[in-house]
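User: Hi! Could you walk me through this structure, starting with the ligand site and then moving on to the strands and charged pairs?

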Amino acid sequence: MRHVAATVYAVTTTLDGQNYGIIATAVSSLSFDPPSLLACINRDASLHDPLTKAERFCINILGLSNRDVAEHFVSPDLDRFAVGDWKEHQGVPILQSAQSSLICTVADRHAFGTHTIFIGALIEASHREDATPLTYFDRNYIDISAAPERQRSA
Ligand SMILES: Cc1cc2nc3c(=O)[nH]c(=O)nc-3n(C[C@H](O)[C@H](O)[C@H](O)COP(=O)(O)O)c2cc1C
């Protein structure tokens with residue numbers, strides 16, 4: 001999958017007063033009605049077990065300005081929430097400068113292989129109009145906002 005350009009998300013939750021989160025690209029919209037999303041989380045990830053017990057989680061869609069958060073989030077021993085303008089909202093950590101924050105209740109989950117697919121029912125969404133997406137491609141973070149517009153044929 002390394003040649004697939006992917007949007008970068010910080011998937012976060014809170015359980016018993018402790019915040020958890022990982023960077024993920026295996027996230028997708030699921031249905032319009034009810035509005036819902038899915039996130040595929042490795043069973044070995046620190047987020048996984050808390051997410052099986054939590055009521056809610058947040059899918060933060062990262063923008064270019066959040067690259068520091070993406071890089072900091074993969075540090076195993078540091079406080080992941082020390083970098084970035086995080087605040088608690090609706091019981092979960094949301095990144096205020098993210099392109100979007102999608103707060104979900106955990107509606108369902110399905111184990112498959114090394115991962116669990118968590119299905120979230122959307123309860124609140126916030127967006128920043130001026131954000132540009134952070135994209136992961138070929139093991140690097142890239143900026144696709146400068147991609148040339150498609151030429152219209154006459
Ligand atoms: C760009 C990128 C995308 C990732 N996508 C996923 C993903 O979709 N699902 C997942 O479980 N882990 C994903 N990971 C790995 C997690 O972010 C995390 O590093 C790993 O699960 C170990 O987390 P832990 O130290 O909290 O246990 C991704 C990592 C990077 C850098």
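**Ligand site, strands and salt bridges**

Analyst: Happy to! A backbone N or O atom of Thr-25 lies 3.1 Å from a nitrogen atom of the ligand. Please keep in mind that this is a predicted model.

User: Which residue has a polar backbone atom 2.9 Å from a nitrogen atom of the ligand?

Analyst: Here the protein side of the pair is again a backbone atom, and the ligand side is a nitrogen. The distance of 2.9 Å falls within the 3.5 Å limit for a polar contact. The residue is Cys-40.

User: Which residue has a side-chain N or O atom 2.3 Å from an oxygen atom of the ligand, and where is that residue found?

Analyst: This time a side chain faces an oxygen atom of the ligand, and the side chain belongs to Ser-46. With a relative accessibility of 43%, Ser-46 lies between the 20% and 50% limits, so it counts as partly exposed. As for its place in the chain, Ser-46 is found in the loop between β5 and α1 (48–53).

User: How much of the ligand's accessible area does the protein cover?

Analyst: Polar atoms of the protein meet the ligand at the side chain of Ser-46 and at the backbone of Cys-40. On its own, the ligand has 630 Å² of accessible area. The share of that area covered by the protein is 73%.

User: What is the make-up of the shell around the ligand by residue class?

Analyst: There are 14 residues around the ligand, and Ile-23, Ala-26, Asn-42, Ser-46 and Arg-80 come nearest. Sorted by class, the shell has 8 nonpolar, 4 polar and 2 charged residues.

User: Which strands each supply at least two residues of that shell?

Analyst: Among the nearest residues are Ile-23 and Asn-42. Residue 23 falls within the range 18–24 and residue 42 within 36–42, the two strands that each give at least two residues to the shell. Those strands are β3 and β5.

User: What is the bridge partner of Ser-28 in β5?

Analyst: Strand β4 (residues 27–31) runs antiparallel to β5, and 4 bridges join them. The two strands form a hairpin with 4 residues between them. Across this pairing, the partner of Ser-28 is Leu-38.

User: In the open sheet of 3 strands, which are the edge strands?

Analyst: The sheet has the order β1-β11-β12, with antiparallel pairing. An edge strand here pairs on one side only. That description fits β1 (6–7) and β12 (140–143).

User: Which residue in β12 stands opposite Leu-134?

Analyst: Strand β11 covers residues 134–137, and it pairs with β12 in the antiparallel sense over 4 bridges. Leu-134 therefore falls in β11, and the residue opposite is Asp-143.

User: How many residues apart in sequence are the parts that the pair Arg-2 and Asp-138 ties together?

Analyst: The side chains of Arg-2 and Asp-138 meet in a salt bridge at 2.4 Å, N to O. Arg-2 lies in the segment before β1 and Asp-138 in the loop between β11 and β12, so the pair links parts of the chain whose separation in sequence is 136 residues.

User: Are Arg-2 and Asp-138 buried, partly exposed or exposed?

Analyst: Burial would need a relative accessible area under 20%, and exposure one over 50%. Arg-2 has 40%, while Asp-138 has 29%. Both residues therefore count as partly exposed.

User: Which helix holds both Arg-67 and Glu-71?

Analyst: Their side chains meet in a salt bridge at 2.8 Å, N to O. The two residues are 4 apart, about one turn of the helix. The helix, which covers residues 67–73, is α2.

User: In the salt bridge of Arg-128 and Asp-130, which residue is exposed?

Analyst: The side chains of this pair meet at 3.3 Å, N to O. At 31% relative accessibility, Arg-128 counts as partly exposed. With a relative accessible area of 57%, over the 50% limit, the exposed residue is Asp-130.

User: One last thing: which side chain does Ser-101 join in a polar contact of 3.0 Å?

Analyst: Ser-101 lies in strand β9 (residues 100–112). Its relative accessibility is 3%, so Ser-101 counts as buried. The side chain joined to Ser-101 by the contact is that of Asn-60.

Note on methods:
Residues are numbered from 1 along each chain as its sequence is written. This is a predicted model: local features need pLDDT of at least 70, side-chain atom pairs count only at pLDDT 80 or more; totals for chains, interfaces and linings use all residues. Side-chain values use heavy atoms; hydrogens and water are left out. A residue is near a molecule or strand if one of its heavy atoms lies within 4 Å of it. A polar contact is a pair of N or O atoms within 3.5 Å; within protein, one must be able to donate a hydrogen and the other to accept it, and residues adjacent in sequence count only if both atoms are side-chain atoms. Accessible areas come from the Shrake-Rupley method with a 1.4 Å probe; for residues, only the protein chains shown count as cover. Ala, Val, Leu, Ile, Met, Phe, Trp, Tyr, Cys and Pro count as nonpolar, Asp, Glu, Lys and Arg as charged, and the others, Gly among them, as polar. Two strands pair if DSSP finds at least two bridges between them. A salt bridge is a side-chain nitrogen of Lys or Arg within 4 Å of a carboxyl oxygen of Asp or Glu. Buried means under 20% relative accessible area, exposed over 50%, partly exposed in between (1.4 Å probe, protein chains only).
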